[in-house]
Amino acid sequence: MATKGAYEGEPIARVSGRATYNSSCCRNVVTLTICLAVYLCCNMTFSMFGPFFPIEAQEKGAPSIIVGGVVSTYPACVIVLSPIFGYYLPKVGVKFCLLAGILLFGGSNILFAFVYWLSGISFTIFSFLMAFVGGIGSSMLQTSIYALIGMLFKGHYGLMMGLTEVVVGIGYAAGPAVAGSLYEIGGFMLPFLVVGSIPVAFIPFLYIIIISPKEQMDDKTSQLSIRTIGHILNSCVTICLVLSIIIGTMCYSYTTPIFSLFVYNNFHLSIFEIGLVGLIDAATYVVLCLVTGPLYDRLPPKPFIVTGLTLCSIACFLIGPAPYISKPRLWLTLVADGILGMGVALTVSPVYSSLMQEAKSRYPELSNDSIAMFISGIIPAAISSGELIGPLISGGLAEIMSFEECSSLFGELSLAMAILLLAVITLNWFWFAKTVKEPDVMQQLVKSTEVTRNYDTFLEDTKDTTWTIL
């Protein structure tokens with residue numbers, strides 16, 4: 001007699017399969033939620049120095065250049081270390097790298113709170129030391145999170161990248177407000193203690209819920225060779241995609257040291273109103289990342305990037321606006337600020353899917369997990385490069401030119417990148433259409449990006465059982 005399941009006439013294997021799949025989905029969703037919460041704290045740390053740290057540093061006898069150096073240490077570490085961690089992830093393991101990164105990042109934040117007890121050269125040295133340790137931890141956890149979501153949600157890279165960038169936008173926007181509120185309540189130490197303790201508190205949960213590295217990876221996952229990485233990076237499309245991230249992020253971050261002064265001098269707004277103006281680009285960035293994320297898994301993502309760079313260019317020309325367009329007008333600045341957030345969202349969010357497709361087109365035999373680990377080290381480094389270079393350039397140019405002229409330069413740079421990327425994509429498409437004749441290669445490319453890719457391993461293990469996934 002056939003054994004019956006929960007439904008009349010349904011085999012036990014079928015019910016067991018559905019239960020296993022539902023359990024795996026729940027585990028993945030919980031893992032994603034915790035990782036995004038940790039990533040939120042990470043991005044809040046980068047932005048929470050502004051409201052109070054310069055004042056405290058001045059009282060401790062540290063010059064303003066020290067404040068800039070401490071804040072810049074975080075992205076500098078990510079730029080250097082994220083590609084290295086991405087390369088060694090298959091050997092080290094995503095789980096270990098994530099937990100170690102959270103421990104270093106959270107622990108350095110907690111210890112940073114005690115810099116308040118120091119002064120003079122001791123204050124400076126301890127601040128740089130804790131920022132360096134926090135930068136190492138940040139690069140480890142960012143690389144691990146990008147790799148983990150790519151492994152757990154195969155075929156949904158655009159959606160996951162969109163959610164991750166939503167967290168980035170919220171973190172940068174909420175960081176100063178949360179830090180300022182905590183500073184008013186408990187002084188210098190409380191913001192660092194809170195933001196550092198939350199990620200550390202999640203370590204036991206992540207240790208339990210994240211499965212072992214061997215179970216995470218598919219059978220073909222392995223560390224990419226230096227030669228393979230060189231061939232992938234040697235692609236003109238790949239280079240242009242990485243440059244697009246850097247330039248898009250530069251267009252978003254260059255306003256940090258000069259925008260508030262421009263708005264104050266031209267429109268005479270209060271500090272609170274200036275803060276609200278600064279939230280416009282963050283709000284449009286978050287909303288568009290959330291809305292367009294799923295589209296990158298169903299439509300070609302590269303046209304979105306070209307569109308995003310073009311919008312960034314338009315926004316930079318209008319936010320001043322450029323001297324040859326018009327005089328400064330508040331409504332035009334507000335509109336341009338919103339367009340800037342939209343442009344950066346369309347530039348950064350589709351890059352994960354684009355890099356995955358580009359690497360898969362050159363090496364169809366490579367595992368998706370191997371490529372995801374490699375990409376997870378490239379994206380944080382590129383984003384941090386833009387975040388670091390943009391303010392440095394705009395801060396230097398502010399000494400010799402106006403805000404309007406500086407913004408125009410960034411607009412020209414973004415427009416040139418959009419034209420270059422469009423040209424490279426077009427030439428690459430014509431070359432690919434002429435040289436690729438084997439249908440098997442095209443089938444592999446389609447298979448590597450189809451939404452149902454995350455079911456393949458599970459179905460392979462149960463191929464002798466007839467069942468249906470609802």
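**Exercise 1. Decide whether Ser354 is buried or exposed, then describe its surroundings.**

*Solution.* Start with the accessible area: Ser354 has a relative accessible area of 0%. Buried means under 20%, so Ser354 counts as buried. Keep in mind as you work that this is a predicted model.

Next, place the residue. Ser354 belongs to helix α16, which covers residues 351-362.

Now look at the side chain. One of its polar atoms lies 3.0 Å from the backbone oxygen of Pro350.

Finally, look further along the chain. If you set aside neighbours within four places in sequence, Ser354 touches Leu241, Pro301, Lys302 and Ile305.

**Exercise 2. Work out how helices α11 and α17 are arranged, and which residues join them.**

*Solution.* First find the two helices: α11 spans residues 236-253 and α17 spans residues 368-397. Their axes come within 7 Å and cross at roughly 40°.

Then name the arrangement. Angles under 35 degrees count as roughly parallel and 65 to 115 as roughly perpendicular; the crossing angle falls in neither range, so α11 is oblique to α17. The crossing is right-handed.

Now list the partners. From α11 come Val242, Ile245, Ile246, Thr249, Met250 and Ser253. The residues contributed by α17 include Ile378, Ala382, Gly386, Glu387 and Pro391.

Last, sort the contact of α11 with α17 by class: eleven residues are nonpolar, five are polar and one is charged.

**Exercise 3. Find the backbone features at Pro321 and His268, and say where each residue lies.**

*Solution.* Begin with a rule of thumb: most residues other than glycine have a negative phi, and most peptide bonds are trans.

Turn to Pro321. The peptide bond leading from Gly320 to Pro321 is cis, with omega near -10°. Pro321 sits in the loop between α14 (302-319) and α15 (330-348).

Then take His268. Its phi is near 55°, which is positive although the residue is not glycine. His268 lies in the loop that links α12 (259-267) to α13 (271-292). With a relative accessible area of 65%, above the 50% cut-off, His268 is exposed.

**Exercise 4. Summarise the whole protein: how many helices and strands does it have, and what share of its residues is buried?**

*Solution.* Count the elements first: the protein has 20 helices and zero strands.

Next comes burial. Of the 470 residues, 51% are buried.

To finish, consider contacts with a separation of 6 or more: 85% of them are between residues 24 or more positions apart.

Technical notes:
Residues numbered from 1 in each chain as written. Predicted model: local features only at pLDDT ≥ 70, side-chain atom pairs only at ≥ 80, totals over all residues. Heavy atoms only, no water. Helix = DSSP H or I, 4+ residues; strand = E, 2+ residues; numbered from the N terminus. Buried < 20%, exposed > 50% of the residue type's maximum accessible area, 1.4 Å probe, protein only. Polar contact = N/O pair within 3.5 Å; in protein donor to acceptor, adjacent residues only side chain to side chain. Contact = heavy atoms within 4.5 Å. Axes fitted to C-alpha atoms, helices over the stretch in contact; angles between N-to-C directions. Parallel < 35°, antiparallel > 145°, perpendicular 65-115°, else oblique. Left-handed = near helix turned anticlockwise from the far one by under 90°. Nonpolar A, V, L, I, M, F, W, Y, C, P; charged D, E, K, R; others polar.
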